[in-house]
Amino acid sequence: LEISVYYILKENFSYHAFAGKEVNYTNVEFNYSVHFNEYGFRDNAFIPTDNYKIAIVGDSFVFGIGVQKNETFEQSIEDELNKRDPKNQISVYNLGIPAAYLSEYLSTIKEMYPILRPNLTIVVLYLGNDLVCTSDSKISSFFLPNLQKLFQVLFQLPYFLCFLDKR
């Protein structure tokens with residue numbers, strides 16, 4: 001299956017249109033494969049585990065547009081942490097959604113936290129657009145309410161980190 005659209009947005013939530021599918025994405029810039037797990041994320045199946053769990057939420061940077069699965073930074077983090085301490089395995093979950101904004105981050109955390117129960121949630125914000133756009137991609141100066149909602153949810157989690165990238 002070769003496509004260029006991964007997600008279908010419906011009423012304030014990003015539905016993952018390709019759950020369980022394998023997709024080959026090819027254009028003039030990229031040629032890579034994507035496996036979507038049962039929840040429609042670019043990751044292996046989310047199998048219950050007693051491992052320490054890290055969930056990374058974000059947009060196409062987290063998703064890994066243009067790279068193979070083993071080149072995503074989520075996979076690199078998991079590989080490096082597990083190499084350093086093989087006795088205490090860590091599971092790192094890729095919850096990246098291309099073209100997502102704060103409202104999708106919020107929806108993703110609300111939906112996936114009860115399923116994954118991560119010990120640590122990392123939110124990656126791209127300052128180039130995450131704080132000024134809404135889920136329908138209209139430029140808006142009203143990002144503050146979405147940011148406040150996101151942090152209200154994050155403050156309820158056991159631990160979280162927030163990375164800002166201003167490229």
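Q: A pocket is an open set of points on a 1 Å grid, with protein on both sides within 12 Å along at least five of seven lines. How much space lies in the largest pocket of this structure?
A: The model is predicted. A volume here is the space filled by probe spheres set on the grid points. For the largest pocket, that space is about 160 Å³.

Q: Which element gives the largest share of the lining of the largest pocket?
A: The lining includes E74, E78, S91, V92 and Y93. Two elements, α2 (73–84) and β6 (90–96), each give two or more residues. The largest share is three residues, and it comes from β6.

Q: How do the residues of that lining divide into nonpolar, polar and charged?
A: Among the lining residues are D43, N44, A45, F46, I47, T49 and N51. Asp and Glu count as charged, Ala, Phe and Ile as nonpolar. The lining divides into five nonpolar, four polar and three charged.

Q: What distance between the end C-alpha atoms of helix α3 agrees with its number of residues?
A: Helix α3 covers residues 102–116, which is 15 residues. At 1.5 Å a residue, α3 should span 21 Å. The distance in the model agrees, at 20 Å.

Q: Where does α3 bend?
A: The bend is about 25 degrees. A proline, P114, follows within four residues of the bend. The residue at the bend is K110.

Q: How many of the residues of α3 are buried?
A: Buried means under 20% relative accessible area. L102, S103, E104, Y105, L106, S107, T108 and I109 are among those that meet this in α3. M112, Y113 and L116 are also buried. Of the 15 residues, the buried number is eleven.

Q: Which residue follows α3, and what is the sign of its phi?
A: The residue after α3 is R117. Its phi is near 50 degrees, so by sign it is positive.

Q: Why is strand β7 largely enclosed by the rest of the structure?
A: On one side of β7, L120, I122, V124 and Y126 are buried. On the other side, T121, V123 and L125 are buried too. Both faces are therefore covered. The enclosure follows from the buried count in residues 120–126, which is seven of the seven.

Q: What is the bridge partner of A55 in β7?
A: Strand β5 (residues 52–58) and β7 run parallel. Four bridges join them. In β7, the partner of A55 is T121.

Q: Is V23 buried or exposed?
A: V23 lies in strand β3 (residues 22–26). Its relative accessible area is 0%. The cut-off is under 20%, so V23 is buried.

Definitions and conventions
Residues numbered from 1 in each chain as written. Predicted model: local features only at pLDDT ≥ 70, side-chain atom pairs only at ≥ 80, totals over all residues. Heavy atoms only, no water. Expected span 1.5 Å × (residues − 1). Bend = angle between axes of the 7 residues up to and from the residue. Buried < 20%, exposed > 50% of the residue type's maximum accessible area, 1.4 Å probe, protein only. 1 Å grid on protein atoms, 1.4 Å probe; cavity = no way out; pocket = protein on both sides within 12 Å on 5 of 7 lines; lining within 4 Å. Pairing = 2+ DSSP bridges.
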